[in-house]
Structure formats: C-alpha cells, structure tokens
Amino acid sequence: MASRNTQASANGVTRRWTLASGLDVSGDEWGEPDVQPVVLLNGGGQTRHAWKGLGTKLAAAGYRAVALDARGHGDSDWSADGVYTEDLFMADLADVVAQLGDHRPVLVGASLGGGTALLAVGEGHVDPRALVLVDIAPTVERAGADRIPDFMRPRPEGFGSIEEAAPAVAEYIPHRPRPARTDGLVKNLRLGDDGRYRWHWDPGYINRVFDLEARERRMSAAARNLDVPTLLVRGGKSDVLSEEGAREFRELCVPTRSTPTWRLQHTWWPVTTTTRSPVLSRAFSIAARRRLAQNGADRVTVRSDPRPVDSLSRRR
C-alpha cells in the first residue's frame with residue numbers, strides 16, 4: 001500500500017498510510033525522505049501531536065521524523081469491531097515501517113507506543129537500528145497504569161467547549177504548569193455532530209480487557225530477545241514505571257553470553273551520552289531531552305548492540 005500526502009504545514013507533512021488490513025493510519029513527517037528515519041509512537045490516549053516539538057528538532061538535526069497516530073487514536077481509523085490488541089498495533093507498525101523504505105528506523109515509543117515497539121522488535125516483526133522506550137517496561141505499577149483509563153473513561157457526553165476540558169487535563173497531570181491558553185487541546189479533541197467536544201480516541205480502546213500478567217510475561221520475553229541499541233527513559237515523577245521496574249528491564253536485557261554492554265545514567269537536563277553510536281548519541285539525546293524536559297527524569301539505561309555500531313550514520 002502507498003502513503004499519500006494530505007496536508008503540508010509548519011507542523012510537517014501530514015500523511016495517510018493505507019494498511020494491508022484496510023485501515024488508514026495518520027502521521028506527521030518532518031525532514032528529508034532519504035535520511036535516517038525516526039518513528040515516534042504515541043501513548044494511550046495521546047496523539048501524534050505530542051511529538052511535534054521533537055519532530056522538528058530531529059529534522060533540524062538531519063533525521064526524518066515520522067510521528068504516527070496509533071489505530072483508534074487521533075486521525076487514524078478506528079477498529080471496525082472495536083477490538084484493540086497488541087498484535088494489531090504491532091501489525092500496523094510493521095506495515096508502516098515497510099512503507100517507509102529500505103532504511104532501518106529508530107523507534108521511539110511512549111507508554112502504549114513503547115510497548116508496541118518492544119514487542120514488535122523482540123518478537124521479530126520489525127528490525128530497527130535502535131529502540132527508545134519512554135516510561136514503559138514489562139513490569140509497571142498497577143495503580144499508575146489504572147489511572148490512565150480512569151482519566152480516559154469519564155465524560156462520555158463530552159465537553160461544551162475546549163475550556164471546559166482543560167481542568168480534566170490539569171487534574172491528571174498536576175505537576176505540570178497549567179498553560180495560559182487552551183487552544184493546544186484542540187488536537188486532542190474531536191468536535192461531534194452534536195456540537196460537543198470529545199477526546200480524540202475510540203471509546204472501544206478504553207474498554208478493552210487484557211491480562212496484565214500475561215502482558216508482562218510476553219514483554220519480558222521480548223526484552224530478553226532485544227539485540228539492538230536500546231534506551232529506557234523513566235520519568236522522575238512517573239507512577240507507572242518504578243525504579244524497580246526499570247532495574248528489572250535492564251537485567252532482562254543484559255545478555256547471558258559474554259558480549260559488551262554499556263549502561264548510561266544522566267540527570268534530566270542536560271542529557272549527556274558517551275555511547276559510540278551516532279544514532280544513540282544524537283537521536284536518543286534529542287528524544288530524551290524533549291521528554292525529560294516535560295516529565296523530569298530519574299534514570300536512563302542504555303544497552304549497546306553487541307554488534308559493531310561505530311559505522312552507524314544518519315544517512316544509512
């Protein structure tokens with residue numbers, strides 16, 4: 001299937017990818033088409049617009065940034081049967097990556113997007129040059145994870161105005177300063193035929209039921225299979241990924257065979273990297289810097305690819 005341009009603006013070029021499943025997935029793209037791609041995957045309840053600032057920075061640094069709306073989110077199609085599974089999200093990602101061309105991408109995923117990327121890589125559906133996980137690992141804190149659908153579920157009747165939706169966001173992320181203007185919420189809301197605003201996601205996604213323990217086992221198995229440079233970013237104020245969860249992920253990734261690994265820690269600002277890979281040291285720093293500035297950070301762990309990485313470059 002082919003992608004098609006639908007809109008060009010200062011926000012990048014908006015595209016639609018038609019998948020083998022028949023669904024259309026929306027995304028924004030920045031940068032030249034023949035350079036190293038970095039695919040940005042949204043968290044549950046978020047949209048591609050969360051990556052706008054990072055997309056422009058990556059393009060300025062010489063990368064091709066592609067921010068996607070997961071199915072059921074933003075402007076992407078909803079599942080016709082209301083079903084949303086890890087396998088469907090993975091298949092969508094693999095389909096889009098195949099349409100991006102021959103360059104192996106760097107995958108950057110937050111929460112839902114990070115889990116999708118981890119499984120897709122660990123189970124062999126996508127072969128990226130590197131992987132960045134933002135505040136997601138196999139083991140998460142149930143109370144924090146439950147807060148996400150608890151935020152998404154209320155107000156099915158919607159809001160009478162954009163301003164009316166702002167307090168709900170402020171309550172969910174009280175640590176962030178409340179913006180003086182609310183027009184930034186427009187891209188996270190959809191205006192219904194009844195004149196009311198509702199969150200830009202399919203209610204069917206919120207109501208899906210899955211086995212958290214089975215998901216943890218599956219993601220742990222995927223983590224053990226990782227053989228690409230991988231960065232885990234944990235928000236210092238996160239109630240979803242704990243220090244222990246991040247530590248467990250690092251231990252899962254350390255290979256039992258004798259191969260070189262590097263671990264990197266840094267404070268939330270500025271980001272410092274010493275890895276030998278240009279993809280890690282540049283693209284990862286930009287990605288981490290953007291998210292850490294928003295959320296604060298506690299620890300970053302890098303597991304280097306045991307294969308030689310010195311030759312990686314933005315244009316390969």
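These legends go with four close-up views of a predicted model.

**View A. The second largest pocket and the helices around it.** This pocket has a volume of about 700 Å³. Its lining takes in 30 residues, and those closest to the centre are Tyr205, Arg208, Phe210, Leu212 and Arg215. If you want to trace the walls, look for α2 (86-99), α3 (112-122), α4 (142-152), α6 (203-206) and α7 (212-224), since each supplies at least two residues of the lining. The top contributor is α4, with six residues. As for chemistry, the lining of the second largest pocket splits into 18 nonpolar, five polar and seven charged residues.

**View B. Where α2 meets α3.** These two helices pack at an angle of about 75 degrees, and their axes are 9 Å apart. An angle from 65 to 115 degrees counts as roughly perpendicular, so that is the label for α2 and α3. On the α2 side, the contact uses Glu86, Phe89, Met90 and Leu93. Across from them, α3 puts in Leu112, Thr116, Ala117, Leu119 and Ala120. Sorted by class, the residues of this contact come out as seven nonpolar, one polar and one charged.

**View C. The largest cavity.** The model has three cavities of 30 Å³ or more, and the largest of them has a volume of about 150 Å³. Which residues are the closest to its centre? Out of 14 lining residues, they are Leu41, Ala70, Phe89, Leu93 and Thr116. The elements giving two or more residues to this lining are α2 and α3, with the largest share, four residues, coming from α2. Some names will be familiar from View B: Phe89 and Leu93 of α2 and Thr116 of α3 are part of the helix contact, and they also turn up in the list around the cavity centre. The lining of the largest cavity has eight nonpolar, three polar and three charged residues.

**View D. The crossing of α7 and α8.** Here α7 comes together with helix α8 (residues 243-253): the axes come within 7 Å and cross at roughly 45 degrees. The two helices are therefore oblique to each other, and their crossing is right-handed. From α7, the residues to find are Ser220, Ala223 and Arg224, which meet Phe249, Leu252 and Cys253 in α8. By class, that contact has four nonpolar residues, one polar and one charged. You've already come across α7 in View A, where this helix supplies at least two residues of the pocket lining.

Terms used
Residues numbered from 1 in each chain as written. Predicted model: local features only at pLDDT ≥ 70, side-chain atom pairs only at ≥ 80, totals over all residues. Heavy atoms only, no water. 1 Å grid on protein atoms, 1.4 Å probe; cavity = no way out; pocket = protein on both sides within 12 Å on 5 of 7 lines; lining within 4 Å. Points joined across faces, edges and corners; volume = space filled by probe spheres on them. Nonpolar A, V, L, I, M, F, W, Y, C, P; charged D, E, K, R; others polar. Axes fitted to C-alpha atoms, helices over the stretch in contact; angles between N-to-C directions. Parallel < 35°, antiparallel > 145°, perpendicular 65-115°, else oblique. Contact = heavy atoms within 4.5 Å. Left-handed = near helix turned anticlockwise from the far one by under 90°.
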